[in-house]
Amino acid sequence: MGGQALVLGGGGIAGIAWTTGLLVGLAEHGQDLTGADLLVGTSAGSVVAAQVASGRPLAELYARQADPAHQTPEIPAEIDFEKFAAEFGGALTGATDPAEVRRAVGRLALAAETVSEAERRAVIEARLPVHDWPAQRLVIVGVDAETGEPRRFDSESGVSLVDAVAASCAVPGVWPAVTIDGRRYVDGGVRSAENADYATGFKRVTVVSPLGVDAPLPMEKPLLEVLEDLRAAGAEVTLITPDEASKAAAGANPLDPATRTPAAEAGRAQGAALTLTWT
């Protein structure tokens with residue numbers, strides 16, 4: 001056991017902005033988490049993890065979220081979580097194990113009408129200030145849409161950073177599955193919004209979850225149980241979820257680009273007010 005891990009979970013465009021603001025607020029008050037020995041990023045968290053590991057100053061990353069003059073282009077999308085969960089529930093009828101659940105979601109994703117992969121990839125390219133894998137250890141999670149098997153992309157996977165992040169952000173039914181070496185991949189959140197268990201073996205684990213413990217989508221294992229498993233394995237763990245002001249800033253549609261400025265500002269304020277403890 002040793003080292004520190006920072007786990008960044010999914011939560012849409014609002015989640016990217018809020019998490020970035022949160023990390024900035026913490027760092028400004030002497031609690032910088034960005035130098036962790038391991039970064040685990042899922043969906044929105046994969047974007048923030050890649051940005052943080054790029055070496056660009058936090059102030060610059062914050063401006064890319066909070067300042068409209070520095071925000072990168074996004075494709076607006078609607079997401080109704082209740083409807084989304086209901087559609088997933090229908091797709092999961094008869095599924096009896098986690099892998100089968102993921103395959104069912106993958107079938108739903110592959111059948112959906114979305115923008116092209118090229119259009120979506122251009123958005124991801126613009127989000128990332130650096131397109132090379134960093135020296136800092138970074139793991140990005142995606143799921144094979146056909147087999148349902150999760151995949152951990154890293155600097156040794158032979159997959160470009162942009163493709164890995166695009167795959168991890170491929171929300172089923174909203175964005176296209178991402179083709180990598182002939183396979184199609186969807187959002188790592190199909191397995192877990194955080195995939196915090198991939199930090200097993202680290203002494204101190206910080207989990208940032210924009211969706212919180214009551215995430216509306218089916219997960220392989222509830223987050224709180226995963227955190228207890230980490231503690232049972234010897235880790236000290238802390239969980240950070242949005243406060244009420246941050247939830248209000250994200251609004252009902254976290255895929256709305258207009259949420260970036262208020263979510264970033266709310267995250268920064270929340271980070272400034274936090275005193276972190278690990279138990």
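**Exercise 1.** In this predicted model, identify which residues have the most contacts inside the largest nonpolar core, and state how many residues that core has.

*Solution.* The largest nonpolar core has 49 residues. Inside this core, Phe153 and Val165 have the most contacts. Next, assign the core to secondary structure. At least two residues each come from the strands S1 (4-8), S3 (138-144) and S5 (178-180). The helices H1 (12-28), H2 (44-53), H3 (58-66), H7 (161-168) and H10 (260-273) likewise supply at least two each. H1 gives the largest share, eight residues. Finally, look for a further core: a second, separate one has 18 residues, including Ala5, Ala196, Val205 and Val207.

**Exercise 2.** List the residues that Val165 touches, leaving out those up to four places away in sequence.

*Solution.* Apply the contact cut-off, heavy atoms within 4.5 Å. The partners of Val165 are then Ser46, Val47, Ala50, Ile124, Leu128 and Ile140.

**Exercise 3.** Decide why the chain counts as being as compact as a globular protein of its length.

*Solution.* Start with the secondary structure, which comes to 10 helices and eight strands. The radius of gyration is 17 Å, close to the 19 Å given by the globule rule for 279 residues, so the chain is as compact as a globular protein of that length. Along the principal axes, the C-alpha atoms fill a box of roughly 50 × 45 × 40 Å. Then take burial: 54% of the 279 residues count as buried. Last, take contacts between residues at least 6 apart in sequence: 78% of these join residues at least 24 apart.

**Exercise 4.** Describe the exposed area and the charges of the chain.

*Solution.* The chain exposes about 11300 Å², of which carbon and sulfur atoms supply 50%. There are 22 positive and 37 negative side chains. The centres of these two sets lie 3 Å apart.

Methods. Residues are numbered from 1 along each chain as its sequence is written. This is a predicted model: local features need pLDDT of at least 70, side-chain atom pairs count only at pLDDT 80 or more; totals for chains, interfaces and linings use all residues. Side-chain values use heavy atoms; hydrogens and water are left out. Helices (H or I, at least four residues) and strands (E, at least two) are DSSP runs, numbered from the N terminus. The radius of gyration is taken over C-alpha atoms; the globule rule is 2.2 Å times the number of residues to the power 0.38. Buried means under 20% relative accessible area, exposed over 50%, partly exposed in between (1.4 Å probe, protein chains only). Accessible areas come from the Shrake-Rupley method with a 1.4 Å probe; for residues, only the protein chains shown count as cover. Lys and Arg count as positive and Asp and Glu as negative; His and the chain ends are not counted. The place of a charge is taken as NZ of Lys, CZ of Arg, CG of Asp or CD of Glu. A nonpolar core is a set of buried Ala, Val, Leu, Ile, Met, Phe, Trp, Tyr and Cys residues joined through side-chain atoms within 4.5 Å.
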